[in-house]
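Trainee: Hi! Could you walk me through this one?

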Amino acid sequence: MTVYFIGAGPGAADLLTLRADRLIRSCPICMYAGSIVPPEVLASCPPDAEVINTARMPLEEIVRIFVRAHAEGKDIARLQSGDPAVYSALAEQARRLTELGIPYEIVPGVPSYAAAAAVLGHELTVPTVGQTVILTRVNGRASKMPKGEDLATLGASRATLCIHLAAHDIERVVAELVPNYGSDCPAAVVAFAARPEQVILRGTLADIASQVQEAGVTRTAVIIVGKVLAAEGFPDSFLYSDDRPRDAEGRTIPCVH
């Protein structure tokens with residue numbers, strides 16, 4: 001028996017990995033986190049599967065289901081939105097499974113920031129403009145941020161920021177970023193990326209808050225801030241340069257000094 005923590009991606013069923021789809025179709029128990037996992041994904045569960053909504057379950061109740069399934073020898077497809085590596089509340093579940101001696105495996109998924117960048121039609125790393133992406137969030141509904149990870153501190157780098165779980169507090173986000181990025185810095189908010197109810201908002205730090213409020217976006221959204229969103233006139237990547245030394249397979253040959 002194994003508990004499979006499966007990255008269910010941003011929500012679109014056709015953005016599941018092949019491994020995720022195979023496990024969802026085969027596991028006799030499926031546990032999912034409420035509305036952040038849409039019905040289209042759950043439709044692939046076996047007809048006789050036990051499908052459990054954990055949205056309002058305390059952690060210990062979830063663990064009791066793990067223990068029961070282990071005793072019954074039944075694999076569990078534990079669906080997590082996006083990719084389990086980022087903001088999935090996986091760590092505390094994995095810790096308890098380790099203590100109980102119950103095997104688990106993590107199956108990667110499409111992260112929400114990648115889905116947001118895709119629907120915006122942008123690469124988040126652009127030559128000479130931005131080569132660093134910071135994934136972060138703010139204090140609020142979820143756990144507190146560690147010291148030194150506030151937006152003012154992170155923003156000093158002027159790197160591209162992908163801010164999760166913060167659409168409800170967009171005015172505060174803007175206020176903390178303007179001193180470092182300037183009010184004319186490009187910004188975008190994508191809610192429900194790759195789902196039918198998808199919302200895409202583009203602007204700058206000067207107007208993105210009013211757009212978010214007018215659209216009524218408060219959750220399931222990623223805020224992206226950085227010059228890469230409006231980058232023009234930058235040089236082509238070294239990847240395509242005629243000056244890049246390559247071997248017969250096209251791989252870069254390291255320079256020897």
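Mentor: Sure, let's begin with one pair: Val189 has Ile223 in E10 as its bridge partner. This is a predicted model, where local features need pLDDT of at least 70, side-chain atom pairs count only at pLDDT 80 or more, and totals for chains, interfaces and linings use all residues. Residues are numbered from 1 along each chain as its sequence is written, and side-chain values use heavy atoms, with hydrogens and water left out.

Trainee: Which strand is joined to E10 there, and by how many bridges?
Mentor: Strand E8 (residues 186-191) is joined to E10 (residues 221-225) by 5 bridges, and the two run antiparallel. Strands (E, at least two residues) and helices (H or I, at least four) are DSSP runs numbered from the N terminus, and two strands pair if DSSP finds at least two bridges between them.

Trainee: What's the strand order in that open sheet?
Mentor: E6-E7-E10-E8-E9, so 5 strands with mixed pairing. E6 (133-136) and E9 (199-204) are at the edges with a single partner strand each, so one side of each has no neighbour in the sheet. From one strand to the next, the twist averages 15°; angles run from 0 to 180 degrees between N-to-C directions, and axes are lines fitted to C-alpha atoms, for helices over the stretch in contact.

Trainee: Which helix lies across those strands?
Mentor: Helix H5 (residues 112-120) lies across E6, E7 (160-164), E8, E9 and E10, at about 65° to E10. For touching, contact means heavy atoms within 4.5 Å.

Trainee: New topic: what about the sheet with E3 and E5, is its pairing parallel or antiparallel?
Mentor: Parallel, with 5 strands ordered E3-E2-E4-E1-E5. Its edge strands, E3 (50-53) and E5 (104-107), each pair on one side only. Inside it, E1 (residues 3-7) and E4 (residues 76-80) share 5 bridges, and one of the partnerships is Phe5 with Arg78 in E4.

Trainee: And which helices pack on it?
Mentor: H3 (residues 59-72) touches E1, E2 (29-32), E3 and E4, with its direction at about 155° to that of E4. H4 (residues 91-100) touches E1, E4 and E5, and makes about 165° with E1.

Trainee: Last one: at what angle do H7 and H8 pack?
Mentor: H7 (residues 170-181) and H8 (residues 208-215) pack at about 175°, with axes 9 Å apart. They are therefore roughly antiparallel to each other (over 145 degrees; under 35 is roughly parallel, 65 to 115 roughly perpendicular and the rest oblique). Ile170, Glu171 and Val174 of H7 meet Ile208, Ala209, Val212 and Gln213 of H8.
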